[in-house]
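Biologist: I'd like to go through some helix crossings and cavities with you. Can you show me what we're working with and explain the labels as we go?

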Amino acid sequence: MTFPGFVKIAVNNLLGVCHLESSPEGVITIADGAEGELLDILSSALKFSYELVQPKDKGWGNRKDDGNWTGKIGLVQRGEADLGMCEMILTEHRKTAVDYSYPYDTLQMVFASKAPSRIPQLLAYVYPFSAELWYTLLALFLTIPFLWKVMFKCNVSVISLFGEVFYTILGRAASVRLTKFHEHILLGTWVVAVSFLSRSYTAVLLSFLTFPLQESVIREIPRLSEAIAGGKYKCLTFEGTSVTESLKASPREYVKMIGNAIDENEWFVTPTLEGVGRAIAEKNTAVIAMKPYFEDHYVGTASISTDYFSVHHFGIIFQKQFCCKKVLDRKLSLILSGGLFEKCKRHYQFRAHLKLRANYMERFENIKALSVENISGALLMYLLGASVSLIVFLIEIFLPKLR
């Protein structure tokens, strides 16, 4: 059967896939995107011309309560368009309204959130040790002088012993006079332990100062689900897609919870570069979409999850009564087996790789020699200690005179 010489194709704007542009006369064209190139190849192979139409709601398609469909699915179902393209997910639910072509792509559905920002370098002096270790060191600092006072049986005050403990932590030798063997064992083990701790702290601190730390972000789906359940996070997706249905149909309960939360709270975002960019820039906000979308447009500004919700197949949709399904599938199969669509995808993947590489190299370009700003925390502590010492010194001078 001969393929029609003219068809109407329902499309949606999605950067990297189908970047739509509209002329002053209202004519829609695909200016950029892998599926735009695929459409050009198909039209050349099957020798047809086409007109692009976009649904008023700019959605992909969901079933309404009255049985009708929205978005591109609705346009094709009602006969207002012959075909539908631009990242159409093939699901059993949609198959009740339209037919599918041979799948031409498979992608992972992931989530992305705001890229981690750098931790202030003033706090870098705290991060080499965990909170538990700091508490342990504080407890030791408060108890060791009393232990020494009892076991050394020296005539030194406890306050002086606090100073001795502090000096050993800083790497200085202790001036406590010892006479018995067990006293040397006790002091020696303490000196070895604090020497190891202080050198470990120095090594880790230098790495933090030369390569600044970044905040921890959620990159796993179970953690995202827990954050949403606790009211700490919200999760958005494109309106008019089948993402929520896919999540709610998942056998994993924590994934179902995310889908229900999106549906109940109407957490949707417009699939534009600006709209998704604003959503990702918000704190404690995640956006669900296909992995290449984030890799192509939000490298450096978005943190992409390490796991994925599901794997989806993509294809062309058409009316149930469409005449030439076999002809379209045959040509599409030849295009895929010849690697033409893979070549189109690789073009945009290479562009994403260049962006990722540039961002990766930029991180290393920021590695510089230590500056005053890097050691601001240490300088602040020194000035604080010097100020306290000066105040105590002045008190020691003037207090006897006042008396």
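**Crossings and a cavity**

Modeller: Let's start with helix H6 (residues 221-229) and helix H8 (residues 253-265), whose axes come within 9 Å and cross at roughly 45°. Keep in mind that this is a predicted model.

Biologist: Why are H6 and H8 called oblique to each other?

Modeller: Set the angle against the cut-offs: under 35 degrees counts as roughly parallel, and 65 to 115 as roughly perpendicular. H6 and H8 cross at roughly 45°, which falls in neither range, so the pair is oblique. As for handedness, the crossing of H6 past H8 is left-handed.

Biologist: How do you know that H6 and H8 meet, and which residues are involved?

Modeller: Contact means heavy atoms within 4.5 Å. On the H6 side you get Ile 221, Pro 222, Leu 224, Ser 225, Ile 228 and Ala 229, and they meet Tyr 254, Val 255, Met 257, Ile 258 and Ala 261 of H8. By class, that contact splits into 10 nonpolar residues, one polar and no charged.

Biologist: What makes Ser 225 in H6 polar or nonpolar?

Modeller: Ser is on neither the nonpolar nor the charged list, and the others count as polar, so Ser 225 is polar.

Biologist: Next pair. Why are H1 and H11 called oblique?

Modeller: Helix H1 (residues 34-46) and helix H11 (residues 325-337) cross at roughly 120°, with axes that come within 11 Å. Roughly perpendicular covers 65 to 115 and roughly antiparallel needs over 145, so H1 and H11 end up oblique. Their crossing is right-handed.

Biologist: What makes up the contact of H1 with H11?

Modeller: Leu 38, Ile 41, Leu 42, Ala 45 and Leu 46 from H1 meet Val 327, Leu 328, Lys 331, Leu 332 and Ile 335 from H11. That gives nine nonpolar residues, no polar and one charged. Lys counts as charged, so Lys 331 is in the charged class.

Biologist: And why are H3 and H4 oblique to each other?

Modeller: For helix H3 (residues 131-152) and helix H4 (residues 158-169), the angle is roughly 120° and the axes come within 9 Å. With 115 as the upper end of perpendicular and over 145 needed for antiparallel, H3 and H4 are therefore oblique. The crossing of H3 and H4 is right-handed, and their contact holds 12 nonpolar, no polar and two charged residues.

Biologist: Now the interior: how many cavities of 30 Å³ or more are there?

Modeller: Three turn up in a search of the whole structure. The largest has a volume of about 120 Å³. It has 15 lining residues, and the closest to its centre are Glu 87, Ile 89, Phe 238, Thr 241 and Met 290.

Biologist: What makes Glu 87 a charged residue in that lining?

Modeller: Glu is on the charged list, so Glu 87 counts as charged. The lining of the largest cavity has 10 nonpolar, three polar and two charged residues, and strand S10 gives the most to it, with three residues.

Notes
Residues numbered from 1 in each chain as written. Predicted model: local features only at pLDDT ≥ 70, side-chain atom pairs only at ≥ 80, totals over all residues. Heavy atoms only, no water. Axes fitted to C-alpha atoms, helices over the stretch in contact; angles between N-to-C directions. Helix = DSSP H or I, 4+ residues; strand = E, 2+ residues; numbered from the N terminus. Left-handed = near helix turned anticlockwise from the far one by under 90°. 1 Å grid on protein atoms, 1.4 Å probe; cavity = no way out; pocket = protein on both sides within 12 Å on 5 of 7 lines; lining within 4 Å. Points joined across faces, edges and corners; volume = space filled by probe spheres on them.
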